[in-house]
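Open the model in your viewer and keep the sequence panel in sight. We will go from stop to stop, with a selection at each one.

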Amino acid sequence: MTRIPVSSSNLSSVGYDPSSSVLEIAFNHGGIYQYTGVPQSVYTGLMQASSKGEYHHAHIKNSFPYRKIG
C-alpha cells in the first residue's frame with residue numbers, strides 16, 4: 001500500500017485502500033499498523049485533522065481491529 005507522508009509528531013505516513021477499507025499508518029517510533037473496516041470518512045477526517053495524533057487516538061486507535069505489520 002502506498003502511504004503519504006504527513007506532518008505529525010506521532011504519525012509518519014498514512015495510506016488507505018477504499019476497496020478493502022484498510023487504513024495503514026506508519027508511526028515515527030517505527031511501527032506500521034493496518035486497521036480494518038475503516039470508512040473513507042474516517043480516513044478523510046484523519047488527513048484533514050490539525051492534530052493527526054489526537055485524531056488517531058480519539059477516532060481510530062481503539063475503534064477498529066488492527067495488526068502490526070512492521
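Start with a pair of side chains: select Q34 and E24, which are joined by a polar contact of 2.7 Å. This is a predicted model, so read each distance as computed from predicted coordinates.

**Stop 1: Q34**

Keep Q34 selected and add R67. Their side chains make a polar contact too, at 2.9 Å. Now colour by secondary structure: Q34 lies in strand β4. Is Q34 buried or exposed? Q34 counts as buried because its relative accessibility is 15%, and the cut-off for buried is under 20%. Next, show the surroundings. Leaving out residues up to four places away in sequence, Q34 touches V22, L23 and E24. On the list as well are P65, Y66, R67 and I69.

**Stop 2: the nonpolar core**

Which residues touch the most other members of the largest nonpolar core? Select V14, L23, I25, Y35, L46 and I60. The core has 17 residues. Elements giving two or more residues to this core are β2 (11-17), β3 (22-27), β4 and α1 (40-48).

Now centre on I25. Neighbours within four places in sequence are set aside here. I25 is in contact with L11, S13 and V14. G31, I32, Y33 and Y35 are further contacts of I25. L46 and H56 complete the list.

**Stop 3: G53**

Go to G53, in helix α2. G53 is buried because its relative accessible area is 18%, against a limit of under 20%. What does G53 touch, not counting residues up to four places away in sequence? The answer is S8, N10 and L11. Draw a C-alpha distance from G53 to N10: 5.6 Å separates the two atoms. Along the chain, G53 and N10 are 43 residues apart.

**Stop 4: the largest pocket**

Keep N10 and add F27, H29, Y33, Y35, H56, H57, K61 and Y66; together these line the largest pocket. Two elements to highlight are β4 (32-36) and α2 (52-59), each giving two or more residues to the lining. How much space lies in the largest pocket? About 150 Å³. Colour the lining by residue class: 4 are nonpolar, 4 polar and 1 charged.

**Looking back**

Leave three earlier selections on display. Y35 lines the pocket and is also among the core residues that touch the most other members. Y33 lines the pocket and is in contact with I25. Y66 lines the pocket and touches Q34.

How values were computed: Residues are numbered from 1 along each chain as its sequence is written. This is a predicted model: local features need pLDDT of at least 70, side-chain atom pairs count only at pLDDT 80 or more; totals for chains, interfaces and linings use all residues. Side-chain values use heavy atoms; hydrogens and water are left out. On a 1 Å grid over the protein atoms alone, a cavity is a set of points where a 1.4 Å probe fits but cannot get out, and a pocket is an open set with protein on both sides within 12 Å along at least five of seven lines; lining residues have an atom within 4 Å of a point. Grid points are joined across faces, edges and corners, and a volume is the space filled by probe spheres set on the points. Helices (H or I, at least four residues) and strands (E, at least two) are DSSP runs, numbered from the N terminus. Ala, Val, Leu, Ile, Met, Phe, Trp, Tyr, Cys and Pro count as nonpolar, Asp, Glu, Lys and Arg as charged, and the others, Gly among them, as polar. A nonpolar core is a set of buried Ala, Val, Leu, Ile, Met, Phe, Trp, Tyr and Cys residues joined through side-chain atoms within 4.5 Å. Buried means under 20% relative accessible area, exposed over 50%, partly exposed in between (1.4 Å probe, protein chains only). Contact means heavy atoms within 4.5 Å. A polar contact is a pair of N or O atoms within 3.5 Å; within protein, one must be able to donate a hydrogen and the other to accept it, and residues adjacent in sequence count only if both atoms are side-chain atoms.
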